[in-house]
Amino acid sequence: MMTSQKYTKTNIDKAIELFPEFPVFFQKLEPKLNELKLKLSQATDMDYYNWLDFAYLEKVNQDTKAIASKIKAKNFKNAFVIGMGGSGINALVLKNALYEFRPKAQKNSSINVIVQNNLDPVSMRSKLESIEHELDQTLFLLISKSGNTDEVKRNISTSLNFIEEKSGLDFAKLGEQLCIITEPKQNGKQNLLHDLRQELKDKSNTEVCFLENDPNIGGRFSMFSPVGMLPAELMGLDSDALLRAAKTKYQEFLNDASATIAEQAALDIFLSQEKSFSNRYSMVYSDSLDALNKFRAQLKGESLCKNNIASTIHIAGVGTVNHHSDLELLLKNNNGVILEQIFFEKTFTDHINQASLECLSSIQGQSNYQSLLDNHVKPLANYMHANNFPVVQTIITEQTESALAELLMQDMLCTVVQAGLQDEIGKFDKLDLVIRQYEVESYKSQAKKTKA
């Protein structure tokens, strides 16, 4: 049996303590939970669940690492990631949590990763202008599962227009500066990214770098596929460590080494369905976790906030900047809010205040990060609990690949379990229905048809 090194600690005891009827509620779900676990252990037999096929993920990661080595050998200064949703946010999470604030001496790669994860011409143009004098030293990593994502198409066009404006388009050179991650080419199915590869080959006889995005891995579950692992390698992060920790968390869940994932999923159902709590205010206490909060919002929103699925709505917050003022507003008139606090137990660096000016002598010898925990995080949790509001604390023990990967896998599994425990459509025969992707597409279609 594989056991986790406990890189994450999720404490829901204070939330459960408020509701003595929860254990009975959870017990009723256990037969369905066991059935769901059995189904998830057979992930390779299901549609859209190859993100749990670690034999495949480990194998394809060898190809990913080989391509990353070839890219690094070309001495690129920048890697510009163009993707939407999971296709872009994975790189953003890794950069933000593990690379962006890492001490300069610890950065193992000189490649500066830039991520464009929305259709915003202002930010897109600004990012391109920031590397204007390094365009010929920039890799453009284009990611789209289908190859036809509208926002990705337009951001590619913006990039090409910018390059042509500044230096002219050399098709052979352009081909050397591109890397594409998309589904394999299929007869009769249009895919802009494959068309782009073919056009550059026809015009310059250049083979554009390509990594396969497995059609059975959707965007918001693609972190441990090449979609996340190639940017990780380009940043000098350890993709093998990320995969190992994710696999360990998955095996721990299947082997009942921890009930955290099942209990978290059941608690959210219970609070939403039985106690009318509508919002989960997710407060992060580090700039390194901002992108993680966005990842979690997309994962939960696109998977759970659908018809017939009980779930709280994810609201992103930033401590300590707005944790008191925002909560004051949210708690008015007893608005149903769960407080979730996410923080590192140990960060890359801390600061112990040394002797300087006399007016600062009161904090001499004190740790700034410990002050954050003692004077802000813990008192707020205690206040909420004392006023009968549920509190969930997720503690990331260290700022490493393994710790982050464990939390990401925990979140992904918790999302599927929460949906699966409520599924009555396919009775696990079609678990892709559980995460309700068809409803996402339906809402998109309806929105497009709505006239302003």
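## Two asparagines with positive phi

Asn205 lies in the loop between helix 8 (192-204) and strand 6, where helices (H or I, at least four residues) and strands (E, at least two) are DSSP runs numbered from the N terminus. This is a predicted model, in which local features need pLDDT of at least 70 and side-chain atom pairs count only at pLDDT 80 or more, while totals for chains, interfaces and linings use all residues. Residues are numbered from 1 along each chain as its sequence is written, and side-chain values use heavy atoms, with hydrogens and water left out.

Most residues other than glycine have a negative phi. Asn205, however, is a residue other than glycine with a positive phi, near 60°, and because its relative accessibility is 64%, Asn205 counts as exposed (buried means under 20% relative accessible area, exposed over 50%, and partly exposed in between, with a 1.4 Å probe and protein chains only). Asn388, which is not a glycine either, has a positive phi of about 65°; Asn388 lies in the loop between helix 14 and strand 10, and at 53% relative accessibility Asn388 counts as exposed.

## The parallel sheet

Strand 6 belongs to an open sheet of five strands, with the order 3-2-4-5-6 and parallel pairing; two strands pair if DSSP finds at least two bridges between them. Strand 3 (112-116) and strand 6 (209-212) stand at the edges with a single partner strand each, so one side of each is left without a neighbour in the sheet. Neighbouring strands of this sheet are turned against each other by 20° on average, direction ignored, the axes being lines fitted to C-alpha atoms, for helices over the stretch in contact, and angles running from 0 to 180 degrees between N-to-C directions.

Strand 5 (residues 178-182) pairs with strand 6 in the parallel sense over four bridges, and Cys179 has Cys209 in strand 6 as its bridge partner. Helix 3 packs on this sheet, touching strand 4 (138-143), strand 5 and strand 6, and the direction of helix 3 makes about 165° with that of strand 6; contact here means heavy atoms within 4.5 Å.

## Helix 3 against helix 9

Two packed helices are described by the angle between their axes and the distance between the axes. For helix 3 (residues 54-73) and helix 9 (residues 226-234), the axes come within 9 Å and cross at roughly 40°. Among the residues that meet in this contact are Val60, Ile67 and Ile71 in helix 3 and Met229, Leu230 and Leu234 in helix 9. By class, the contact of helix 3 with helix 9 has eight nonpolar, two polar and three charged residues, where Ala, Val, Leu, Ile, Met, Phe, Trp, Tyr, Cys and Pro count as nonpolar, Asp, Glu, Lys and Arg as charged, and the others, Gly among them, as polar.

## Helix 2 and the loop after it

The buried residues of helix 2 include Phe22, Phe25, Phe26, Leu29 and Leu40, and what covers the buried residues of this helix includes helix 1 (13-17), helix 10 (239-254), helix 11 (260-273) and helix 15 (401-420). In the loop between helix 2 and helix 3 lies Leu52, which counts as buried because its relative accessibility is 4%. Leaving aside residues up to four places away in sequence, Leu52 touches Leu40, Ala43, Tyr250, Met409 and Leu413.

## The mixed sheet

A further open sheet of five strands has the order 1-10-9-7-8, with mixed pairing. Strand 1 and strand 8 (313-318) stand at its edges, each with a single partner strand, so one side of each is left without a neighbour in the sheet. Strand 10 (residues 391-396) is mostly covered, with six of its six residues buried: Val391, Gln393 and Ile395 point one way from the strand, and Val392, Thr394 and Ile396 the other way.

Strand 10 pairs with strand 1 (residues 8-11) in the antiparallel sense over four bridges, with Thr8 opposite Ile396, and with strand 9 (residues 337-344) in the parallel sense over six bridges, where Phe343 has Ile395 as its bridge partner. Strand 7 (residues 279-284) and strand 8 run parallel and are joined by six bridges. Helix 12 (residues 290-304) packs on the sheet, touching strand 7, strand 8 and strand 9, while helix 14 (residues 368-386) packs on the sheet by touching strand 7, strand 9 and strand 10.
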